[in-house]
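Good morning, colleagues. Please take a moment to look at the sequence and the structure on the screen, and then I shall take you through several parts in turn.

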Amino acid sequence: MLQPFRLHDPATVADASNLLADLGEEARAYAGGTELLLAMKQGLLHYRHLVNIKPLGLSGIRFDEETRRLRIGATTTHRAVEHSAVVAARAPMLASMERHLANVRVRAVGTVGGNLCFAEPHSDVATVLLLHEATATLGSARGRRVVGIAELLRDAYTTCLHPDELLLDIEVPELPPNAGAAYQKAAFLERPSVGVGVALLPAADGSTVAEARVAVGCLGPVPVRVGEAERALAGAPLRGRAFERALDAALDAVGRACEPVDDLYGSAGYKRQLGVALMRRAAVAARDHAAPARGGGISATD
Ligand SMILES: Cc1cc2nc3c(=O)[nH]c(=O)nc-3n(C[C@H](O)[C@H](O)[C@H](O)COP(=O)(O)OP(=O)(O)OC[C@H]3O[C@@H](n4cnc5c(N)ncnc54)[C@H](O)[C@@H]3O)c2cc1C
């Protein structure tokens, strides 16, 4: 049962930050509440004060033509991202991932910022953001700082946020128009058991992979980029047997890099195999959609 708590409605980020600093361990920022209220109802967490951050003007999506980056406010709901025309045009893999996240009730209320700040290991959002090399702007009454997604997520349920800090927004660089990218996940329960994404950025002549990005989620405490797999794919021809050989080496690296544990979502061995199988699918889809001649080759999960 939900224990009583006091809901605070600060008017500004500085006010919210000061409240969080003053109330200390007894308070928490509250956005959609889909994680927080659930955990409080189950008695896993208890806060006597919740600081409502929804009225702080932190929601919204826009694309900056100059920096070629999407800016997504922290309290933007998953549903808003899913239905945004600008996200569909600039980061279609992100839009597609959002379509398959949770269920419509969670998407309608849950926010992108809440997903990242809760740092639940069975999550899709951070894995896709790692492929985009997105950054997060954190703010408090003391100022602002920008961190990468890998720096934001320290461990399962642990971020680099200071107690008085809020996530304000994320910036998502657009992938180059000839890049191919795909995210694949398997979910037996509502949350994903495994999520793997690959982005292939072709060289100017389109014949080889100039840069490869590989991100694996749910197979460890936090989603990670797998550098060894990326190095195996970088420089490989985009077509033919040589791509397959590079992919085999990348798949081995992914199998070694993940640290799954046995849990409700599957045994460790099964999840490792699933991760490797999804990585193959994602890499082949990304390769097939890397389109130097046509442009705009982003593939996604559906
Ligand atoms: C049934 C179910 C299925 C789900 N399935 C998926 C799935 O398939 N894939 C997936 O990726 N996710 C999934 N999720 C997670 C979902 O994305 C999150 O529940 C949601 O995004 C959390 O956002 P919220 O606004 O409700 O956060 P809240 O519950 O309000 O907050 C969560 C935590 O983040 C903190 N917080 C929130 N916003 C900020 C901020 N701006 N700054 C600092 N701290 C902040 C809060 O203090 C709290 O600790 C699922 C969740 C549920 C309940």
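Into which domains is the protein divided? The model before you is a predicted one, and the assignment gives domain 1 (6-50), domain 2 (58-173) and domain 3 (180-289). Between the C-alpha centres of domain 1 and domain 3 there is a separation of 37 Å.

Let me turn to a pair of helices. Helix α5, residues 92-99, packs with helix α8, residues 125-132, at an angle of about 175°, and their axes are 10 Å apart. Because an angle over 145 degrees counts as roughly antiparallel, α5 is described as roughly antiparallel to α8.

Which residues make this contact? From α5 come Met93, Leu94, Met97 and Glu98. From α8 come Val125, Val128, Leu129, Leu131 and His132. By character, the residues of this contact comprise 7 nonpolar, 1 polar and 1 charged.

Is α5 enclosed or open to its surroundings? Of its 8 residues, 6 are buried, so helix α5 is largely enclosed by the rest of the structure. The buried residues of α5 are Met93, Leu94, Ala95, Ser96, Met97 and Glu98.

I move on to a loop. Gly110 is located between α6 (104-109) and α7 (112-118). Gly110 has a relative accessibility of 2% and therefore counts as buried. What does Gly110 touch beyond its neighbours within four places in sequence? Its contacts there are Thr34, Thr76, Thr77 and His78. In addition, the C-alpha atom of Gly110 lies 8.3 Å from that of Arg79, although 31 residues separate the two along the chain.

Finally, the cysteines. A disulfide is a covalent bond between the sulfur atoms of two cysteines. How many disulfides are counted in this model? The count is 0. Cys218 takes part in no disulfide, and the nearest cysteine sulfur, belonging to Cys258, is 11 Å away. Why is there no bond from Cys258? The closest cysteine sulfur to that of Cys258 is in Cys218, and the 11 Å between them is too far for a bond; the cut-off for a disulfide is 2.5 Å.

Are these two cysteines buried or exposed? Cys218 is buried, with a relative accessible area of 4%. Cys258 likewise counts as buried, at 8% relative accessibility.

To close, I would ask you to keep two places in view: helix α5, of whose 8 residues 6 are buried, and Gly110, in the loop between α6 and α7. Thank you for your attention.

Conventions: Residues are numbered from 1 along each chain as its sequence is written. This is a predicted model: local features need pLDDT of at least 70, side-chain atom pairs count only at pLDDT 80 or more; totals for chains, interfaces and linings use all residues. Side-chain values use heavy atoms; hydrogens and water are left out. Axes are lines fitted to C-alpha atoms, for helices over the stretch in contact, and angles run from 0 to 180 degrees between N-to-C directions. Helices (H or I, at least four residues) and strands (E, at least two) are DSSP runs, numbered from the N terminus. Angles under 35 degrees count as roughly parallel, over 145 as roughly antiparallel, 65 to 115 as roughly perpendicular and the rest as oblique. Contact means heavy atoms within 4.5 Å. Ala, Val, Leu, Ile, Met, Phe, Trp, Tyr, Cys and Pro count as nonpolar, Asp, Glu, Lys and Arg as charged, and the others, Gly among them, as polar. Buried means under 20% relative accessible area, exposed over 50%, partly exposed in between (1.4 Å probe, protein chains only). Domain bounds come from an automatic or database domain assignment.
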